[in-house]
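Me: Could you walk me through the charged pairs in this model, and one residue besides? I'd like to follow the reasoning step by step.

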Amino acid sequence: QKEEYFRQIKNSDDVKIISSEYTPSCMFKRNKYMVDNSSLLVAYLKENKGGTYYTVNYARKKDA
């Protein structure tokens, strides 16, 4: 996974670092940043709970 991570970083036009280390809220902050800086959200949602569900609802409210 680390090799793939560094390959993706190397091939990216731009990299935004939301958190320099893993914290209990870092994924929430990442998802919020992506919604706030995107014009379209494509998500695969299996359950009405968890981080993906929260992110989809956040995007829906923001679009309203």
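Reply: Happy to! A salt bridge here is a side-chain nitrogen of Lys or Arg within 4 Å of a carboxyl oxygen of Asp or Glu. Bear in mind that this is a predicted model.

Me: How many salt bridges does the count come to by this rule?
Reply: The rule asks for a nitrogen-to-oxygen distance within 4 Å. E4 and R7 satisfy it, for example, at 2.9 Å. By this rule the count comes to four.

Me: What separates E4 and R7 along helix α1?
Reply: Both residues are partly exposed, E4 with a relative accessible area of 37% and R7 with 42%. They lie three residues apart in helix α1 (residues 2–10), so their separation is about one helical turn.

Me: Which residues are joined with D36 into one network by salt bridges that share partners?
Reply: Start with K32, whose side chain meets that of D36 at 3.2 Å, N to O; the two are four residues apart in helix α2. D36 also forms a salt bridge with K62 at 3.5 Å. That second pair links distant parts of the chain, 26 residues apart, with D36 in helix α2 and K62 in helix α3 (residues 50–63). The residues joined with D36 through shared partners are therefore K32 and K62.

Me: Is N31 buried or exposed?
Reply: N31 sits in helix α2 (residues 26–36), and beyond its neighbours within four places in sequence it contacts G51 and T55. Its relative accessibility is 12%. Because the cut-off for burial is under 20%, N31 counts as buried.

Note on methods. Residues are numbered from 1 along each chain as its sequence is written. This is a predicted model: local features need pLDDT of at least 70, side-chain atom pairs count only at pLDDT 80 or more; totals for chains, interfaces and linings use all residues. Side-chain values use heavy atoms; hydrogens and water are left out. Buried means under 20% relative accessible area, exposed over 50%, partly exposed in between (1.4 Å probe, protein chains only). Contact means heavy atoms within 4.5 Å.
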